[in-house]
Amino acid sequence: MTKYYVFRNQTDGVQKNVPGSREEIACEIATVVGQDNLPKDFFIAYAHETKHECMETMRELAKCTIEINDDLEKLWVNE
């Protein structure tokens, strides 16, 4: 199971999650859980222990962390 850190996207939409990726799924989940009517790219996610996650953590705290495995990914996509 991989842990994803979800941050507020501070790149003014320049940087986006890859469509259909687990990072995008983590951001979708964060938006739904927050019950906010936010644009699709308001959040950006990075997998745990990647250089992007480390750099972003230095700038601000993650809004949330979400763990996703194959079964949870299928459940989210299909439901």
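The legends below accompany close-up views of a predicted model.

**View 1. A nonpolar patch on the surface, formed by M1, L72 and L75.** Together, M1, L72 and L75 make a nonpolar surface patch of about 320 Å². One of these residues, L72, belongs to helix α3, which covers residues 70-78. With a relative accessible area of 38%, L72 is partly exposed, because this value falls between the limit of under 20% for buried residues and that of over 50% for exposed ones.

**View 2. Helix α3 and the polar contact at its start.** Of the 9 residues that make up α3, the number buried is 0, so the helix lies largely in the open. At the start of α3, a side-chain oxygen of N69 comes to within 3.2 Å of the backbone nitrogen of D71.

**View 3. The surroundings of N17, in the loop between β1 and α1.** The loop that holds N17 runs between strand β1 (2-8) and helix α1 (22-34). N17 has a relative accessibility of 10% and therefore counts as buried, the cut-off being under 20%. Leaving aside residues up to four places away in sequence, N17 touches E23, E24, C27, F43, I44 and A45.

**View 4. Polar contacts from the side chain of N17 to the backbone of F43 and of A45.** The N17 side chain reaches the backbone oxygen of F43 at 3.3 Å, and it also reaches the backbone nitrogen of A45 at 3.3 Å. Both F43 and A45 are among the residues that N17 touches, as is I44.

Notes:
Residues are numbered from 1 along each chain as its sequence is written. This is a predicted model: local features need pLDDT of at least 70, side-chain atom pairs count only at pLDDT 80 or more; totals for chains, interfaces and linings use all residues. Side-chain values use heavy atoms; hydrogens and water are left out. Patches are made of residues with over 30% relative accessible area and no salt bridge: like charges are joined within 9 Å, nonpolar side chains (Val, Leu, Ile, Met, Phe, Trp, Tyr) within 5 Å. Accessible areas come from the Shrake-Rupley method with a 1.4 Å probe; for residues, only the protein chains shown count as cover. A salt bridge is a side-chain nitrogen of Lys or Arg within 4 Å of a carboxyl oxygen of Asp or Glu. Helices (H or I, at least four residues) and strands (E, at least two) are DSSP runs, numbered from the N terminus. Buried means under 20% relative accessible area, exposed over 50%, partly exposed in between (1.4 Å probe, protein chains only). A polar contact is a pair of N or O atoms within 3.5 Å; within protein, one must be able to donate a hydrogen and the other to accept it, and residues adjacent in sequence count only if both atoms are side-chain atoms. Contact means heavy atoms within 4.5 Å.
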